[in-house]
2 protein chains.
Amino acid sequence: MKRKITLKQIARELEVSISTVSKSLKDSDEISADTKKKVQAFAKLYNYRPNNIALSLKNRKTKNIGVVIPDIVHHFFTTVFRGIEKYANERGYNVVVCVSDESYEKEVFNMELLANGSIDGFIMSVSAQTQQKNDFSHLKEVVEQGFPLVLFDRVIDEIECDKVIMNDEQIAYEATAKMLAEGKKKIALVTTESYFNVSEKRADGYRRALKDFGIKVDENLTLVLPFKGVEESYIDAFVENEVFDAALCVNEIFAVLLMAIVQKKGLRIPEDVSVIGFTDGLLSRYSTPSLTTVAQHGESMGEIAAEMLIEKLENEIGFHEEEVYRTQIVEATLIERGSTINK
Amino acid sequence: MKRKITLKQIARELEVSISTVSKSLKDSDEISADTKKKVQAFAKLYNYRPNNIALSLKNRKTKNIGVVIPDIVHHFFTTVFRGIEKYANERGYNVVVCVSDESYEKEVFNMELLANGSIDGFIMSVSAQTQQKNDFSHLKEVVEQGFPLVLFDRVIDEIECDKVIMNDEQIAYEATAKMLAEGKKKIALVTTESYFNVSEKRADGYRRALKDFGIKVDENLTLVLPFKGVEESYIDAFVENEVFDAALCVNEIFAVLLMAIVQKKGLRIPEDVSVIGFTDGLLSRYSTPSLTTVAQHGESMGEIAAEMLIEKLENEIGFHEEEVYRTQIVEATLIERGSTINK
DNA sequence: CATATCTACGAAAACGGTTTCGTGTTAATA
DNA sequence: TATTAACACGAAACCGTTTTCGTAGATATG
């Protein structure tokens with residue numbers, strides 16, 4: 001085990017002081033050209049690199065970003081993560097990831113772990129259980145402790161911090177309007193339980209579109225599916241009992257499940273039933289027919305979140321300046337594929 | 001900004017020394033019961049937590065694991081990551097992730113960044129470009145520097161370290177044998193370029209099965225697709241020109257693409273063409289028909305990798321003990337779904 | 001009463017850096 | 001020649017812990 005070389009060792013070897021070595025490597029002009037050359041050559045030879053931990057302790061900055069997300073085996077979150085990681089890496093930051101697994105307790109636990117000096121700031125999307133419990137004291141705490149925090153997608157209104165969200169309501173409106181424009185009249189909504197605020201916003205957009213087109217919202221055409229462990233039979237019963245000629249689904253899994261069942265009943269997509277989903281993942285691309293879907297641009301969201309966080313980290317605000325928080329909206333776009341009638 | 005409280009501040013406040021505070025919090029019996037109570041109460045009141053960075057410096061352990069993977073928007077890697085994260089978290093470790101994006105340079109850059117004290121050991125799967133270049137000096141270097149390293153999936157034979165792999169050859173054999181047992185005679189292989197050693201192993205298993213069943217390997221039945229940016233037309237031409245009644249595909253994307261094209265030609269799956277893929281992701285589950293596929297048990301691989309790494313981290317070997325490296329094989333399993341004839 | 005033994009605590013070193021400030025030597029200036 | 005400035009470097013503090021070792025004072029022992 002060849003331990004990494006330290007300033008102290010270089011100093012001893014070259015018979016100079018630690019300060020001289022440190023300054024030489026920083027090319028300080030306090031040090032003579034001769035000495036600098038000697039030290040630099042030696043350091044290069046032994047491949048000296050300053051120890052990050054020591055630097056962190058000295059500077060009170062870790063150059064680490066903490067990312068807390070509900071799930072990682074999940075297309076949207078991984079794209080956001082990629083955006084974060086990419087931007088962070090370019091700026092010399094590392095990313096430490098904790099998965100809350102949709103659990104409130106794990107979220108709290110993870111944040112406490114990270115808040116003990118491991119990171120400089122947080123980027124996160126809160127867990128389902130946290131939204132359900134409606135308890136955000138752990139978020140408030142890290143903010144009070146002075147950690148910059150950026151919330152994305154599943155954000156909390158009552159927490160004051162930077163936020164990155166999607167225009168869920170508007171894009172749901174547009175998606176619904178698109179199907180109405182196709183001539184569809186009875187549009188179903190396939191969604192999750194309402195404590196997910198993004199699902200709620202999508203439902204709002206859906207309803208607004210119907211109203212704008214003079215169609216009454218039929219509550220029977222809303223299918224609420226559990227967040228996890230969807231049984232095919234739920235959808236089956238819905239398709240059996242209700243008549244609809246289009247469907248807006250809040251994620252791509254619901255959409256392809258619905259498509260499969262609809263097709264099994266002998267109905268054609270999109271002629272008999274148009275379908276639009278959310279999340280432009282593999283499923284949307286490779287389903288038959290391919291799925292018209294809302295691209296959430298997760299990577300952009302991630303980049304923006306990272307940018308906001310790093311901006312806060314590197315520009316310490318003055319003593320009397322008021323902290324100012326921004327909310328950035330990333331515009332989702334509708335990707336038209338085979339599950340809708342495209343002209 | 002309420003900075004976290006330190007030992008020094010507690011000591012000043014309570015008019016005792018730093019050592020006394022530290023020992024009190026560790027419930028050392030060097031300290032009188034009275035003093036301990038006082039200190040502990042005060043610490044609890046101010047929610048004292050030792051600073052991780054300082055601990056890292058002192059202990060020369062960060063309790064961080066570095067994970068370097070080629071891609072994160074990828075089902076298999078995310079499942080492995082989940083396994084790593086889960087196990088690591090249980091043992092009090094944090095995980096810092098770097099994505100090499102299949103690039104040799106980024107891989108090297110990331111590893112150097114991490115090796116400067118940010119982490120205690122590596123878990124990684126090498127990038128495509130690294131395999132292609134066949135240059136592993138960066139891996140050798142971190143090993144020489146004393147970092148425990150665990151390689152998974154895309155491993156390198158010439159690097160001495162712990163490894164977690166799948167029985168690719170064997171499961172490909174079994175998958176092929178299954179289709180032969182169905183009575184299929186002309187089995188296609190849809191694979192990637194051969195510098196991916198896992199693809200190569202799968203091809204080996206495929207060939208061995210054919211031989212065992214007395215069928216000659218027909219090189220024309222092997223379709224080599226590029227690693228990224230597959231054009232549908234490649235597959236289209238293949239389906240047009242070759243006659244086959246089954247196909248083994250090295251990933252699920254190839255499999256669903258093939259299924260779609262085969263079905264478009266009016267052939268039925270699995271009656272006319274059986275298809276088996278690799279990776280039990282969303283696509284396999286939700287395609288029509290659902291795809292018979294090889295489940296790689298990424299989560300287990302991740303857990304095992306993390307376990308191996310942490311074992312090495314926590315059991316420093318004695319001075320003269322020989323370092324011993326293990327290679328664990330995670331048995332893949334075949335999940336039978338609609339794209340094969342199941343009895 | 002002198003000495004030995006606890007008890008309860010503090011000083012200081014160490015982890016690996018950065019940075020401020022002080023100082024001995026040499027060169028420039030009056 | 002005496003004074004000053006410039007140069008080149010080292011000592012030490014600091015970041016926040018842990019831990020070893022030393023010791024003052026109290027108590028026990030002979």
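**Protein side chains at the two DNA strands**

Q: In this predicted model, which DNA strand has a base oxygen 3.2 Å from a polar side-chain atom of Lys58(B)?

A: A polar contact is a pair of N or O atoms within 3.5 Å; within protein, one must be able to donate a hydrogen and the other to accept it, and residues adjacent in sequence count only if both atoms are side-chain atoms. For Lys58(B), the 3.2 Å pair reaches a base oxygen of DNA strand D.

Q: How far is a base oxygen of DNA strand D from an N or O atom in the side chain of Lys23(A)?

A: Lys23(A) is among the residues that come nearest to DNA strand D. The side chain of Lys23(A) also has an N or O atom 3.3 Å from a base oxygen of DNA strand C. For DNA strand D, the separation from a base oxygen is 2.4 Å.

Q: Which helix gives the most to the surface near DNA strand D?

A: A residue is near a strand if one of its heavy atoms lies within 4 Å of it, and helices are DSSP runs (H or I, at least four residues) numbered from the N terminus. H2 and H4 of chain A, with H1, H2 and H4 of chain B, each supply at least two residues. With four residues, the leading contributor is H2(B).

Q: What group of DNA strand C lies 2.7 Å from a polar side-chain atom of Thr35(B)?

A: Thr35(B) is one of the residues that come nearest to DNA strand C. Its polar side-chain atom faces, at 2.7 Å, a phosphate oxygen.

How values were computed:
Residues numbered from 1 in each chain as written. Chains lettered and ligands numbered in written order. Predicted model: local features only at pLDDT ≥ 70, side-chain atom pairs only at ≥ 80, totals over all residues. Heavy atoms only, no water.
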